Amino acid sequence: MEFTAQQIAAFVQGEIVGDALTTVHTFAKIEEGVPGAITFLSNPKYAHYIYDTQASIVLVNRDFKPEQPVKATLIKVDNAYETLAKLLALYEQSKPRRKGISPMAVVADSAQIGSDVFIGPYAVIDEGAMIGDGTQIYPNTYVGQNTRIGEGSLLYSGVNVYHDCKIGNRVTLHSGVVIGADGFGFAPTPQGYNKIPQIGNVIIEDDVEIGANTCVDRATMGSTIVHKGVKLDNLIQIAHNDEIGANTVIAAQAGVAGSAKMGEWCVIAGQVGISGHLTIGNRVTLGPQSGVISSIPDGKTMMGTLPFEDKGWFKVQAVMKKLPDMYRELNALRKELNELKKDNPQ
Amino acid sequence: MEFTAQQIAAFVQGEIVGDALTTVHTFAKIEEGVPGAITFLSNPKYAHYIYDTQASIVLVNRDFKPEQPVKATLIKVDNAYETLAKLLALYEQSKPRRKGISPMAVVADSAQIGSDVFIGPYAVIDEGAMIGDGTQIYPNTYVGQNTRIGEGSLLYSGVNVYHDCKIGNRVTLHSGVVIGADGFGFAPTPQGYNKIPQIGNVIIEDDVEIGANTCVDRATMGSTIVHKGVKLDNLIQIAHNDEIGANTVIAAQAGVAGSAKMGEWCVIAGQVGISGHLTIGNRVTLGPQSGVISSIPDGKTMMGTLPFEDKGWFKVQAVMKKLPDMYRELNALRKELNELKKDNPQ
Amino acid sequence: MEFTAQQIAAFVQGEIVGDALTTVHTFAKIEEGVPGAITFLSNPKYAHYIYDTQASIVLVNRDFKPEQPVKATLIKVDNAYETLAKLLALYEQSKPRRKGISPMAVVADSAQIGSDVFIGPYAVIDEGAMIGDGTQIYPNTYVGQNTRIGEGSLLYSGVNVYHDCKIGNRVTLHSGVVIGADGFGFAPTPQGYNKIPQIGNVIIEDDVEIGANTCVDRATMGSTIVHKGVKLDNLIQIAHNDEIGANTVIAAQAGVAGSAKMGEWCVIAGQVGISGHLTIGNRVTLGPQSGVISSIPDGKTMMGTLPFEDKGWFKVQAVMKKLPDMYRELNALRKELNELKKDNPQ
């Protein structure tokens with residue numbers, strides 16, 4: 001679809017500088033602008049790109065004053081980045097949603113399917129499962145027995161949801177996501193480990209998005225719960241009986257061991273590890289690769305890791321084990337030195 | 001199914017305190033007890049829950065003495081937790097096993113399928129593959145050419161097993177597991193990397209369980225071997241030509257580089273990394289996120305990068321925060337000492 | 001197929017020592033040699049195996065001089081390991097390639113399929129997709145709308161490629177790989193996070209190999225690019241708008257956050273984490289579990305990791321490199337102080 005600067009400006013309450021009839025049909029980053037694309041300038045660091053971008057329209061903040069002539073048509077708005085996000089969302093919504101149940105999908109007779117549902121080829125909806133209105137299920141995805149998926153949700157291809165789980169409304173699960181696999185519970189015996197059956201389930205509340213190949217294990221008893229609005233990136237491990245608070249965001253490859261309780265509005269960076277049975281408060285921020293082995297109160301920020309030049313690193317590692325002795329020795333030195341100075345007044 | 005306290009007590013050689021005719025049909029954690037549920041009390045920290053749990057039956061250790069009246073019927077046993085695990089296992093076994101080969105599965109003519117097998121829709125059993133008696137293969141799972149799977153094994157949906165691998169008896173592979181992908185072997189040339197073909201395979205022995213989205217790569221030559229009774233959690237990397245000893249347990253997101261040999265009965269925590277070509281002894285324990293770059297003898301417990309003996313590590317961590325003060329103090333000492341020496345010429 | 005020592009020696013310009021008519025039909029590691037197998041000796045550490053290996057033929061370097069009689073036939077070559085890799089490649093190429101489109105695959109009418117293509121059962125080629133000549137697509141793999149895959153590429157079972165992506169020639173994607181899932185982009189609001197639509201794509205250039213369950217996210221706008229000859233191991237995260245330079249190699253479970261630019265010929269070890277918006281130069285080497293939070297110039301080699309509390313952490317990091325000096329200084333101080341005390345008896 002094509003839009004004129006005029007149409008867009010009207011929609012975003014923007015002020016046009018330049019040709020109101022310029023049309024665009026796509027989006028681009030300002031440094032990769034092409035004719036027919038709309039882009040934005042928000043970060044001043046990128047300001048220099050605006051003078052030679054090939055984009056046809058650039059969203060700018062109202063206070064932007066060009067220092068040279070600008071070829072592109074400008075649309076001045078209160079917040080260029082937010083306005084772009086708004087337009088991107090509109091663009092996405094304008095795409096036709098897929099509908100219809102493929103004859104090549106297997107839907108159990110006992111499954112209940114809502115209206116306006118899409119079920120792609122080779123998807124399997126197992127016995128007793130429920131799929132809410134307007135939910136889209138891509139090819140090769142499996143929905144286990146008695147699992148319930150709400151309305152307006154989106155399961156991409158190759159998603160696997162085990163039996164008896166509950167997925168809310170407007171939930172997005174990306175390819176390779178596994179929901180409801182057994183929690184990791186085994187009881188040692190002299191001969192080997194006995195499996196502790198995991199008879200609980202997983203509850204994913206509304207408006208959750210879960211990235212590719214992320215795993216959320218089912219509870220031993222009760223439920224592993226991912227609360228409303230949580231966003232999980234790719235390749236994350238959420239273990240059995242964990243509870244992730246509303247609107248918490250977790251970056252790729254982080255892992256949360258079993259029976260941990262994480263608060264709301266936390267921001268967890270990539271490759272963080274959190275031990276089991278801990279309580280992480282609300283609005284906790286954890287830096288990349290942090291390793292958390294004790295509970296954290298509300299509002300705390302902890303940080304991650306840093307590389308050394310390799311030789312230096314080995315030297316440091318070598319001394320590391322001596323740190324406690326060094327600390328004792330320092331304090332001893334300080335004491336003896338004070339003695340000495342007492343005996344040798346300057 | 002419903003069971004009375006009487007039936008359960010008889011089965012677990014327990015002693016009933018309360019109404020022998022109370023019935024239960026499900027399980028619950030003591031803090032989430034509901035009428036009709038059986039629960040257990042093992043950890044004294046949870047003792048206070050027993051006085052107002054809604055559960056109908058609570059398994060307790062024989063020495064448990066209530067300090068207040070308890071609504072629920074108690075069953076006293078030698079070990080409440082073990083007894084619960086036993087009942088959970090019974091409950092799982094009581095579930096009907098799935099049987100039959102879906103007409104929507106593709107089974108190659110040259111494949112050999114045992115008796116009482118379940119093969120779900122859109123599963124593919126490729127040429128020359130063998131599936132043992134009583135094995136269950138869920139939808140959208142792929143078993144490659146000439147791969148052999150033993151008896152009583154369970155492959156959940158979306159599992160991928162490459163050609164020429166051997167999977168034992170009573171093995172469980174969770175969704176997204178990949179067995180037998182090529183090991184990561186490339187030879188550098190001035191133009192780029194040449195692939196070193198990986199013509200070996202993977203051998204998974206009996207009673208192994210492998211978690212969701214975990215990968216076990218095939219060997220360059222010979223076999224990558226996961227021995228009897230090993231339990232792997234989710235998102236783990238086992239590289240080519242690794243050998244994991246019997247009854248070793250590895251937690252989520254750990255990785256073992258190529259040609260490493262790990263002993264039996266090891267306990268490896270989450271996000272541990274182990275370099276290639278190392279030998280890890282028997283009964284080695286590694287703490288979370290440990291980075292192992294040298295071999296470890298039998299029985300060691302280590303954690304941290306360049307793992308320390310565990311006590312040493314905690315001591316180091318305790319002093320680490322004082323490093324900046326130590327550095328200031330050192331420089332102060334040096335200065336004062338120089339003063340002193342000036343005033344006390346040797 | 002069987003080959004004589006004579007045929008192999010002729011092919012690799014080798015010199016035979018022993019029975020030129022010995023035949024082999026498989027490969028083995030020297031310590032696991034069996035009759036009918038060819039193996040190689042390159043690393044002197046393994047030299048002792050040659051005297052009792054059961055292998056029929058051993059490739060050795062020209063300068064190898066046995067210290068005892070050797071049962072096996074030797075073929076002397078300039079580089080035994082490279083020669084083996086060459087033979088392995090030949091062996092792989094000799095395997096029959098799979099061809100034909102399974103009647104159990106779904107290929108959209110609007111998709112374009114090249115010649116000599118293999119498409120396995122339950123694979124789905126969605127609307128407008130293009131599959132180049134000689135490309136093989138295994139069962140249960142999904143190729144999204146308008147995605148283009150080049151010639152001679154290999155997608156194993158259970159691969160998921162989203163819409164509008166570009167995959168080059170001779171690319172290998174292992175099972176569970178996810179290409180083109182949404183980048184992790186959300187804008188916070190007081191009520192929760194708003195999704196920032198990810199309308200870009202992923203470009204995978206020629207001769208790339210991507211390991212099992214690795215994820216490459218699509219760009220917000222523009223493209224996430226994996227350049228020619230890159231090799232990615234298993235369970236790796238490549239985030240939106242990343243660019244990975246030609247011939248860079250990344251080991252398992254490493255992760256690169258969004259909008260990072262990595263140079264050519266880098267070697268990134270396992271479980272490394274790289275923060276977003278960084279620039280990593282050419283020929284950079286990063287050791288296992290390194291955490292990178294600032295850009296790195298060409299040619300650097302770095303490693304290391306260590307967790308800490310937020311401000312304190314930066315202070316600690318600043319002093320860390322001085323640890324070895326501090327340790328030396330402490331010992332010097334102790335010595336000088338003892339001198340002083342000797343001269344100033346209390």
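These exercises walk through the contacts of chain C with its neighbours, and the helix pairs, in a predicted model.

**Exercise 1. How many residues does each chain bring to the contact of chain C and chain A, and what area is buried?**

Step 1. Count the residues on each side. Chain C brings 80 residues, and chain A brings 74.

Step 2. Take the area. About 6,500 Å² is buried between chain C and chain A. Carbon and sulfur atoms give 64% of that area.

Step 3. Add the polar links. Five salt bridges run between chain C and chain A. The side chains of A:R98 and C:D126 meet in a salt bridge, at 2.8 Å from N to O. A salt bridge needs the nitrogen within 4 Å of the carboxyl oxygen, so this pair qualifies. Chain C and chain A also have 22 residue pairs in polar contact, both residues at pLDDT 80 or more.

**Exercise 2. Which elements of chain C each supply at least two residues of the side that touches chain A?**

Step 1. List the strands. They are β23 (193-195), β38 (291-292), β39 (301-303) and β40 (308-309) of chain C.

Step 2. List the helices. They are α3 (310-320) and α4 (323-343) of chain C.

Step 3. Find the element that gives the most. This is α4(C), with ten residues.

Step 4. Sort the residues of this side of chain C by class. There are 41 nonpolar, 28 polar and eleven charged residues on the side that touches chain A.

**Exercise 3. Describe the contact of chain C with chain B.**

Step 1. Count again. Here 64 residues of chain C are in contact with 66 residues of chain B.

Step 2. Take the area. Chain C and chain B bury about 5,100 Å² between them. Of this, 65% lies on carbon and sulfur atoms.

Step 3. Add the polar links. The count between chain C and chain B is five salt bridges. One joins B:R334 to C:E336, with the closest N and O atoms 3.0 Å apart. There are also 22 residue pairs in polar contact between chain C and chain B, both residues at pLDDT 80 or more.

Step 4. Name the elements. In chain C, α2 (80-94), β28 (231-232), β31 (249-250), β40, α3 and α4 each supply at least two residues of the side that touches chain B. The largest share, ten residues, comes from α4(C).

Step 5. Sort by class. The side of chain C that touches chain B has 37 nonpolar, 13 polar and 14 charged residues.

**Exercise 4. At what angle do α4(B) and α4(C) pack, and which residues meet?**

Step 1. Set up the description. Two packed helices are described by the angle between their axes and the distance between the axes.

Step 2. Give both values. α4(B) and α4(C) pack at about 35°, with axes 10 Å apart. The crossing of α4(B) and α4(C) is left-handed.

Step 3. Pick out residues. From α4(B), those that meet α4(C) include B:L323, B:L330, B:L337 and B:R334. From α4(C), they include C:L323, C:L330, C:L337 and C:E336.

Step 4. Count classes. The contact of α4(B) with α4(C) has 14 nonpolar, no polar and four charged residues.

**Exercise 5. Describe the packing of α4(A) and α4(B).**

Step 1. Give the geometry. The angle is about 35°, and the axes of α4(A) and α4(B) are 10 Å apart. This crossing is left-handed.

Step 2. Name residues. Among them are A:M326, A:Y327 and A:K341 of α4(A), and B:M326, B:E329 and B:A332 of α4(B).

Step 3. Count classes. The contact of α4(A) with α4(B) has 14 nonpolar, no polar and four charged residues.

How values were computed: Residues numbered from 1 in each chain as written. Chains lettered and ligands numbered in written order. Predicted model: local features only at pLDDT ≥ 70, side-chain atom pairs only at ≥ 80, totals over all residues. Heavy atoms only, no water. Contact = heavy atoms within 4.5 Å. Buried area = accessible area lost by both parts, 1.4 Å probe. Polar contact = N/O pair within 3.5 Å; in protein donor to acceptor, adjacent residues only side chain to side chain. Helix = DSSP H or I, 4+ residues; strand = E, 2+ residues; numbered from the N terminus. Nonpolar A, V, L, I, M, F, W, Y, C, P; charged D, E, K, R; others polar. Axes fitted to C-alpha atoms, helices over the stretch in contact; angles between N-to-C directions. Left-handed = near helix turned anticlockwise from the far one by under 90°.
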